[in-house]
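Visitor: I should like a close look at a single part of this model, followed outward into its surroundings. Please take the metal site as the starting point.

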Amino acid sequence: MTDIVTLPVTIWDQHIAEAEQDLAVDVLERGDVLFFPQLSFPMQEDDGYLLSPTVAGDGKNVSLDPATRSLRGSRGNDVELRGLKNMMQRFAASSLGLIRKLLPCYETGLEQARTSFRPVEIAGRRTSWRKDDTRLHVDSFPSSPIQGKRILRVFSNVNPRGESRDWRLGEPFEQVARRFLPALPAPLWGSARVLNLLGITKRHRTAYDHYMLQLHDRMKADLEYQSQAAQRAYAFPGGSTWMVYSDLVSHAAMRGQYALEQTYHLPVSAMRDPSRAPLRILEKLLGRELT
Ligand code: SIN
Ligand code: FE
């Protein structure tokens, strides 16, 4: 079962001893969650008005694209949008500070991807089953193939009332894969090219992306699996931070409002133990290369 391993970090760019750096890489790569109960992201006084779900318009979150530095999914006037962007950029920088001190072995290869702000209450939110993150899943996104790269995410609960963000954590990736793989169709020849030509995918959808997307969908679609799979609940309190490989760890977010999240991508070759990557696990089970 997925473990939650606590580290006593209190400052985002705090010096971290080598033994703890070692532990951190191992915890993440083996598919457990790194939890920093005393690491809170400081909101500034003028961030207060951001704590209204309306800044996300009709969507569930606002995101900040690191390449174009532009906001997506936000709603507000110029002053509000500037403040929102400022807060998200501060979070992006803080999370990077933490990663540099905690995971220096990832320094080469690590790419900072999207930052998101999640001001909408999860419980009771209406979405399609495919977008319903209250169902256990591993992360995989239809329009953004990652071609085998890892998805490492830093979450911080910034709920002003101190309310927790409640997750469920499921069974280990290899178990999930062994359960669903036998029934998954192979990618259709030529389909990746068509998806890319039509602009449905941002880049080539590899066989790896195909299988990860299928896993994501089959997990969410299977209500019996959702209730019967081995799992545990965990509540991350307001003012805490956690980090997880969300492509490897089966997770669901059940309730909570106001979180910041920063995504990182990492090539499998930059891992300390590449054999623990979903890419390598799927390749082992399928007996073929997937990228
Ligand atoms: C998810 O990645 O499934 C959602 C996590 C969250 O917003 O807490
Ligand atoms: Fe997810």
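Visitor: Which protein atoms are the donors of the iron ion (ligand 2), and how far from it do they lie?

Guide: The model is a predicted one, in which local features need pLDDT of at least 70 and side-chain atom pairs count only at pLDDT 80 or more, while totals for chains, interfaces and linings use all residues. Residues are numbered from 1 along each chain as its sequence is written, chains are lettered from A and ligands numbered from 1 in the order in which they are written, and side-chain values use heavy atoms, with hydrogens and water left out.

The iron ion (ligand 2) has as its protein donors H137 through NE2, D139 through OD and H251 through NE2, at 2.1 to 2.2 Å. Donors here are N, O and S atoms within 2.8 Å of the metal (3.2 Å for Na, K and Ca); water is not among the atoms, so sites may look incomplete. Along the chain, the donors of the iron ion follow the spacing H-x1-D-x111-H. D139 belongs to the loop between β5 (111–118) and β6 (150–157), whereas H251 belongs to strand β10 (residues 251–255), so this pair ties together parts that are 112 residues apart in sequence. Strands are DSSP runs of E of at least two residues, and helices are runs of H or I of at least four, both numbered from the N terminus.

Two of these donors can also be described by their accessibility. D139 counts as buried at 5% relative accessibility, and H251 counts as buried at 7%. The term buried means under 20% relative accessible area, exposed means over 50%, and partly exposed lies in between (1.4 Å probe, protein chains only).

The donors of the iron ion, H137, D139 and H251, recur in the surroundings of ligand 1. The residues around ligand 1 are R118, D133, H137, D139, R153, F155, R165, W167, H251 and A253, where a residue counts as near if one of its heavy atoms lies within 4 Å. By class, this shell has five charged, three nonpolar and two polar residues. For this purpose Ala, Val, Leu, Ile, Met, Phe, Trp, Tyr, Cys and Pro count as nonpolar, Asp, Glu, Lys and Arg as charged, and the others, Gly among them, as polar. At least two residues of the shell come from each of β6, β7 (165–169) and β10.

Polar side-chain atoms approach oxygen atoms of ligand 1 from several residues. For W167 the distance is 2.9 Å, for H137 it is 3.0 Å, and for H251 an N or O atom of the side chain is 3.2 Å from an oxygen atom of the ligand. Taken alone, ligand 1 exposes 260 Å², of which the protein buries 96%; accessible areas come from the Shrake-Rupley method with a 1.4 Å probe, and for residues only the protein chains shown count as cover.

R118, another residue around ligand 1, leads into the sheet. R118 is found in strand β5 and counts as buried at 13% relative accessibility. Its side chain is joined to that of S116 by a polar contact of 3.0 Å. A polar contact is a pair of N or O atoms within 3.5 Å; within protein, one must be able to donate a hydrogen and the other to accept it, and residues adjacent in sequence count only if both atoms are side-chain atoms. S116 also has E261 as its bridge partner in β11; β5 and strand β11 (residues 259–266) run antiparallel and are joined by six bridges.

With β3, strand β5 pairs in the antiparallel sense over three bridges, and F117 of β5 is the bridge partner of V62. Strand β3 (residues 62–64) is in turn joined to β4 by two bridges, again antiparallel, with R72 of β4 as the bridge partner of S63. Two strands pair if DSSP finds at least two bridges between them.

These pairings belong to an open sheet of eight strands in the order β1-β2-β9-β6-β11-β5-β3-β4, with mixed pairing. Its edge strands, β1 (4–6) and β4 (71–72), each pair on one side only. At the β1 end, β1 and β2 pair in the parallel sense over three bridges, and L34 of β2 is the bridge partner of V5.
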